[in-house]
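Please look at the sequence and the model before reading on. The questions are meant to be worked through one at a time.

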Amino acid sequence: MSARKFMQTRLNRRQALGMSAAGAAAIAGLPLLRPGTAFAQDAESDLEIFSWWTAAGEAKGLEQLFDAFTAANPGVNIVNAAVSGGAGSNAQVALATRLSANEPPDSWQSHTGAELKARYVDPGYTTPITDLYEEQGWNDVFPQGVIDQITVDGEKYLVPVGVHRGNVVFYNKQVLADNGIEVNDDWSIDDYFAAQETLQAAGIPSIALGSKDTFAVAQLFENTLLATLGADDYAKIWVGEIGWDDDRVTSAIESFAKYFESVNSDHAALTWDGAADLVWSGKAAFTSMGDWAYGDAVTKEQDANVGWVHHPGTAGAFVSVIDGFTLPVGAPHPNNARNWLITVGSPEAQAAFAPFKGAIPARTDADTSTFNEYMQWSAKDFGENTVVPSLAHGSAASPQFQSSVNDALITFIVDFDVATLQEALQFAQEDEG
Ligand code: GAL
């Protein structure tokens with residue numbers, strides 16, 4: 001067994017035995033990491049960062065974080081281990097394989113909430129960073145609601161880097177103007193379908209979808225569910241306080257089917273960013289997507305002709321999709337890994353990352369005067385709206401539930417059988433217990 005694997009096995013054992021981190025580190029022969037500002041760089045001067053940020057805006061955002069890390073830690077070689085696939089569809093599988101083989105990278109990307117807990121904290125793959133929160137003063141700068149989503153049994157496990165909004169529709173301003181379509185904050189699902197009819201008559205796909213990314217389908221569905229139930233009941237459905245047999249779920253599914261009357265015909269072949277390109281180039285009118293799509297437009301310098309509004313019928317609700325980074329148990333370069341988290345949590349790195357990524361900084365003390373117009377809009381709503389979680393991005397329910405819903409939705413967009421989808425949603429909930 002390699003020294004690292006041995007150490008990893010011991011560390012995993014300590015989790016099983018409930019031993020303290022300090023005790024386990026001593027057994028494993030690891031240097032003890034004490035709170036303090038400076039962490040010596042490791043003798044091995046690599047830092048391997050795992051994410052799924054490979055699309056234009058995603059990669060550019062990640063590059064800002066790397067640059068900020070390098071500025072503070074010159075001489076460390078960053079290994080970008082990103083695995084492409086929107087919303088982590090491929091990355092999460094590849095990471096699971098590495099983690100079960102005790103071969104973690106130095107840090108990996110995760111969403112807050114159910115995904116962090118079920119995939120990484122509960123199986124013992126992550127090290128608590130509660131001390132880093134104290135040391136860096138993060139308890140005072142991240143919103144309490146976000147801190148709650150990264151805390152398990154009193155310990156903190158992730159540094160949030162940016163807050164995305166999931167319920168946004170981006171549109172091509174020219175296409176809307178050419179077709180006499182206006183959108184506003186009060187627009188409803190019915191208003192959307194009226195616009196869809198106009199576009200259909202003009203021969204332009206109303207909504208651009210990249211269903212090669214299953215998450216894009218799930219996101220369109222959850223936004224429709226939110227529009228139909230309202231924020232409070234949408235939140236209740238994830239915790240079992242409203243059943244999937246509710247009549248309003250039936251009507252949400254019916255509305256969901258209706259988008260497909262005017263969707264790009266090649267949706268099964270496109271990813272989310274390929275679908276966004278159709279809007280940027282005027283080949284479709286709208287795309288309902290998280291605001292990483294806006295980062296994509298900014299990075300591709302297409303943003304001048306791109307407008308935004310919340311998904312129809314969801315005013316007052318903010319679907320949050322929060323990304324952050326973890327500290328693994330058995331990080332190959334633990335000091336570099338902690339320094340990476342310090343960078344990720346810093347105001348400078350978060351400010352540099354946000355515009356290209358389309359997010360707003362997770363820190364509440366960010367200088368909003370540097371925000372672009374989209375970010376100002378999102379930040380204001382994040383502060384004032386009812387914030388609700390996303391199933392499509394792992395926070396609202398367990399990975400098993402998410403995967404059952406994804407399977408059912410992929411079948412639905414072929415057969416459009418409303419009753420079968422609703423039953424599948426009920427079964428998925430029953431399986432959850
Ligand atoms: C989300 C993630 C975003 C964005 C998107 C598309 O799950 O939180 O950062 O990358 O997937 O890949």
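The questions below concern a predicted model, beginning with its ligand and going on to single residues.

Q: How many residues surround the ligand, and which are the closest?
A: A residue belongs to this group if one of its heavy atoms lies within 4 Å of the ligand. By that cut-off 13 residues surround the ligand. The closest are E58, H111, D323, K357 and H393.

Q: How many nonpolar, polar and charged residues does the shell around the ligand have?
A: The residues of the shell can be sorted by class. The count is six nonpolar, four polar and three charged residues.

Q: What is the distance from a polar side-chain atom of D323 to an oxygen atom of the ligand?
A: The side chain of H111 has an N or O atom 2.7 Å from an oxygen atom of the ligand. For H393, a polar side-chain atom also lies 2.7 Å from a ligand oxygen. For D323 the distance is 2.6 Å.

Q: How much of the accessible area that the ligand has on its own does the protein cover?
A: On its own, the ligand has 300 Å² of accessible area. The space taken by the ligand is the largest cavity. The share of the ligand's area covered by the protein is 100%.

Q: Is D153 buried or exposed?
A: D153 sits in the loop between β4 (151-152) and β5 (155-156). Its phi is near 50 degrees, a positive value in a residue other than glycine. Most residues other than glycine have a negative phi. Because the relative accessible area of D153 is 79%, and over 50% counts as exposed, D153 is exposed.

Q: Where does F416 lie?
A: F416 is not a glycine, yet its phi is positive, at about 50 degrees. Its relative accessible area is 32%, so F416 is partly exposed. Its place is the loop between α18 (399-415) and α19 (418-432).

Q: What separates the C-alpha atoms of G313 and L226?
A: G313 is in the loop between β9 (306-310) and β10 (317-325). With 34% relative accessibility, G313 counts as partly exposed. Along the chain, G313 and L226 are 87 residues apart. Their C-alpha atoms are separated by 7.9 Å.

Q: Which side chain makes a polar contact with the side chain of T130?
A: T130 lies in helix α6 (residues 130-136). T130 counts as buried because its relative accessibility is 18%, and the cut-off for buried is under 20%. A polar atom of the T130 side chain lies 2.9 Å from the backbone nitrogen of K156. The side-chain partner, at 2.4 Å, is E155.

Q: Why does G166 count as buried?
A: G166 is found in the loop between β6 (159-165) and β7 (168-172). The C-alpha atoms of G166 and W292 are 8.9 Å apart, with their positions 126 residues apart along the chain. Buried means a relative accessible area under 20%. G166 counts as buried because its relative accessibility is 1%.

Q: How far apart in space are A396 and V321, C-alpha to C-alpha?
A: A396 has its place in the loop between β12 (386-389) and α18. At 14% relative accessibility, A396 counts as buried. In sequence, A396 and V321 are 75 residues apart. In space, C-alpha to C-alpha, the distance is 10.0 Å.

How values were computed:
Residues are numbered from 1 along each chain as its sequence is written. This is a predicted model: local features need pLDDT of at least 70, side-chain atom pairs count only at pLDDT 80 or more; totals for chains, interfaces and linings use all residues. Side-chain values use heavy atoms; hydrogens and water are left out. A polar contact is a pair of N or O atoms within 3.5 Å; within protein, one must be able to donate a hydrogen and the other to accept it, and residues adjacent in sequence count only if both atoms are side-chain atoms. Accessible areas come from the Shrake-Rupley method with a 1.4 Å probe; for residues, only the protein chains shown count as cover. On a 1 Å grid over the protein atoms alone, a cavity is a set of points where a 1.4 Å probe fits but cannot get out, and a pocket is an open set with protein on both sides within 12 Å along at least five of seven lines; lining residues have an atom within 4 Å of a point. A molecule sits in a cavity or pocket if more than half of its atoms lie within 2 Å of its grid points. Ala, Val, Leu, Ile, Met, Phe, Trp, Tyr, Cys and Pro count as nonpolar, Asp, Glu, Lys and Arg as charged, and the others, Gly among them, as polar. Helices (H or I, at least four residues) and strands (E, at least two) are DSSP runs, numbered from the N terminus. Buried means under 20% relative accessible area, exposed over 50%, partly exposed in between (1.4 Å probe, protein chains only).
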